[in-house]
Amino acid sequence: MSNLSHGIKHWHWRTKGVEPWARTWFSDRVTGVEADGVEITELTDSEGTAELGMRKSKLITVYDLRLTMAWKATAKDGEVVTGTLVAPEVGHDMEEDEYIFEGSLTNGSGTEADSFLRTAKKALANKLRPIFQQFPKDMIAVHGKDLLDDSTPTDSGASTPVSSSTPASASASTATSSTTTAAVKSATAPAKPAPQNTATVRATGEFQCSADDLFDFLTNPQKIPMWSRNPAQMAPEVGAEVSLFGGNIRGKVEKVDRPKGFTMSWRAPTWPEDLYGQLEAQLNQGSNSTTLSLTLRGVPVGKEDETETNLHTFYIRGLQSIGLGLLSSSLASESISISSSSSAATTASRSASSPATRKSRRGPQKSSVVNRWSILNVGSVAASAGLIVALGAAFYYGPSGPGGKR
């Protein structure tokens, strides 16, 4: 990778999770914040995800957190009033005035305690808003170098130089001793695999069905072969073994939240031995369709394009091929939309034939229908003309007509 240009090296999406660092960062900055006698004493809980991503040499913060803080105040009579202040959503796409705060009392009552609570929810919250806005900037400043740095850092992030005051003979002796020790260790202990640089790949598709039906197609071993064209081993249960696409993809189910999605370990045959990624499938149902978002973390660097193509081809296009999604524009008129799993089998059987075969079958049917209507229309016109001629002749040659008089 060192031979690639800066832009190409950092083209694909890479991420670094920073949840522990985020909790410490918020704890350090919100603790002690005070407004009108109400002070935050600690950050009691931090839930959600926080990661730094890099795409096309640009650093992007992605986080969605729920923060719970404890506060206290002292009443005029010396009573300590305590409560909580919750920011249910602290996200990467929020402006300073978009944060919402919820507060409650844990100790104390009366007018003065209620006043402290209002102060916490308004004045104290207003002091937290600019702190929250600073978070993504500090995330990039602290962790950005880890995604952009070409070298593999040590645990401390820096190498330890040899002191210039060390005698040359001592340095040589130390080096020899270290080499001998390392050789002994390598002979008695198995070698550890080298750290693998990984990336994150995403794929999205929109399907004309309910989230529950789409979830069933993704997890039911009886329905997976309809779109994967291969036998499958799968069950929507934590710990279930997974084998897809003829055994080329293997893993285990790690999390299930029907019908919102599931998470499983995921390994492709071209990946390094014993390296597993994590595939997260999220299903978001709208009014007329369901969006499937696939996020595959832990992809070996260099395999991003291959993996992204496979996700689109085998998952998104595979599901679309049985009528669950919007087909390409050239076949838009032939797409079949279903809203229940009961009709999927019929749809799949119709999709088993190639587009060219379906097209050739439908062509003659359309032509024969047009011909029958054309013949019927011509016959109707001819019959009408004959009737008019007959009526005219009857009138002309009838007893009272001009032709009937002699």
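This section describes a sheet with its packed helices, two positions around strand S8, and helix H2 in a predicted model.

The sheet is open and comprises 6 strands in the order S7-S12-S11-S10-S9-S8, with antiparallel pairing. Strand S7 (198-207) and strand S8 (241-244) form the edges; each has a single partner strand, so one side of each lacks a neighbour in the sheet. On average, neighbouring strands are turned by 25° against each other, direction ignored. Within the sheet, strand S10 (residues 261-266) and strand S11 (residues 277-285) run antiparallel and are joined by 6 bridges. Gly 261 has Gln 282 of S11 as its bridge partner.

Two helices that pack on this sheet were examined. Helix H5 (residues 211-219) touches S7, strand S9 (249-257), S10, S11 and strand S12 (290-300). The direction of H5 makes about 155° with that of S11. Helix H7 (residues 304-321) also packs on the sheet, where its contacts are with S7, S8, S10, S11 and S12. For H7, the direction makes about 20° with that of S7.

Edge strand S8 contains Ser 243. This residue is buried, as its relative accessible area of 11% falls under the 20% limit. Leaving aside residues up to four places away in sequence, Ser 243 touches Pro 231, Ala 232, Gln 233, Ile 249 and Arg 250. Gly 246 lies in the loop between S8 and S9. In contrast to the buried Ser 243, Gly 246 is exposed, with a relative accessible area of 53%. With the same exclusion of residues up to four places away in sequence, the contacts of Gly 246 are Asn 230 and Pro 231. Although Gly 246 and Pro 231 are 15 residues apart along the chain, their C-alpha atoms are separated by 6.3 Å. Pro 231 is thus touched by Ser 243 and by Gly 246.

Helix H2 (residues 19-30) consists of 12 residues and spans 16 Å from its first C-alpha to its last, close to the 16 Å expected at 1.5 Å a residue. Its buried residues are Ala 22, Trp 25, Phe 26 and Val 30. These residues lie on the same side of H2, because they cover an arc of only 105° around the axis. In an α-helix, residues three or four places apart point the same way, because there are 3.6 residues a turn. Pro 20 and Asp 28, on the other side of H2, are exposed. After H2 comes Gly 32, with a positive phi near 95°.

How values were computed: Residues are numbered from 1 along each chain as its sequence is written. This is a predicted model: local features need pLDDT of at least 70, side-chain atom pairs count only at pLDDT 80 or more; totals for chains, interfaces and linings use all residues. Side-chain values use heavy atoms; hydrogens and water are left out. Two strands pair if DSSP finds at least two bridges between them. Helices (H or I, at least four residues) and strands (E, at least two) are DSSP runs, numbered from the N terminus. Axes are lines fitted to C-alpha atoms, for helices over the stretch in contact, and angles run from 0 to 180 degrees between N-to-C directions. Contact means heavy atoms within 4.5 Å. Buried means under 20% relative accessible area, exposed over 50%, partly exposed in between (1.4 Å probe, protein chains only). The expected span of a helix is 1.5 Å times one less than its number of residues. The arc is that of the directions from the helix axis to the C-beta atoms.
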